[in-house]
Amino acid sequence: MLSRMVLVAGLALAATVGVVAAEVSAAPIMGPASKVSRPAFHGFYDGHKVTYLNTDVSKKADAAAMHINYSASIGRVKGLPEIYLVQGHAASGQLAIFGSEPGEKNYSPLWSETILTWKAGAKPTLITSDTQIDKIEKTGKLTERDAHVVLNCPIIKVAKGS
């Protein structure tokens with residue numbers, strides 16, 4: 001009786017392993033993985049650092065300057081979160097500022113580029129969040145403008161508490 005139970009349990013296990021293997025093999029095939037070397041950049045979101053890649057942009061001149069892919073079609077995507085880039089004078093250590101991050105409802109690897117500029121005579125401070133941008137703008141020391149550019153910059157690492 002015991003050997004029959006072991007045989008039935010063994011067959012059940014084999015059937016389960018077969019089902020799992022079939023489910024894994026039913027996944028779309030992407031081909032073999034390999035590693036490539038790409039520059040990664042750092043930015044801020046809500047006071048902590050994130051790491052992101054810059055792969056595509058909707059403006060041909062920017063693509064050439066950044067040595068990334070040009071994609072006109074991503075420029076037609078609307079309703080994207082913002083990536084803020086400071087132009088001109090900036091505080092020491094200033095990085096890009098993101099309006100979202102992975103895990104949030106409005107996260108997207110596509111970003112609407114917004115240019116920030118400190119007004120003449122204003123002392124730049126380190127900006128680490130979009131909430132901070134809104135507060136500084138209300139003082140009249142910082143302006144923003146839509147660059148009418150979409151960037152494909154997926155965030156690949158979130159460093160909370162940095």
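How many bridges join E1 to strand E6 (residues 96–98)? In this predicted model, 2 bridges join E1 to E6, and the two strands run parallel. Strands (E, at least two residues) and helices (H or I, at least four) are DSSP runs, numbered from the N terminus; two strands pair if DSSP finds at least two bridges between them.

Residues are numbered from 1 along each chain as its sequence is written. Because the model is predicted, local features need pLDDT of at least 70, side-chain atom pairs count only at pLDDT 80 or more, and totals for chains, interfaces and linings use all residues, while side-chain values use heavy atoms and leave out hydrogens and water.

The sheet is open and mixed in its pairing, with 9 strands in the order E4-E3-E8-E7-E5-E6-E1-E2-E9. Strand E4 (69–70) and strand E9 (155–159) stand at the edges with a single partner strand each, so one side of each lacks a neighbour in the sheet.

Selected strand pairs are listed below.

| Pair | Sense | Bridges |
|---|---|---|
| E1 (residues 41–45) and E2 (residues 48–52) | antiparallel | 5 bridges |
| E1 and E6 (residues 96–98) | parallel | 2 bridges |
| E3 (residues 56–57) and E8 (residues 142–152) | antiparallel | 2 bridges |

Phenylalanine 44 stands opposite lysine 49 in E2, and its bridge partner in E6 is isoleucine 97. E1 and E2 form a hairpin with 2 residues between them, and aspartate 46 in the turn has a positive phi of about 45 degrees. Elsewhere, aspartate 56 has asparagine 152 in E8 as its bridge partner.

Helix H3 (residues 130–139) lies across strand E5 (82–86), E6, strand E7 (110–118) and E8. The helix runs at about 145 degrees to E8; axes are lines fitted to C-alpha atoms, for helices over the stretch in contact (heavy atoms within 4.5 Å), and angles run from 0 to 180 degrees between N-to-C directions.
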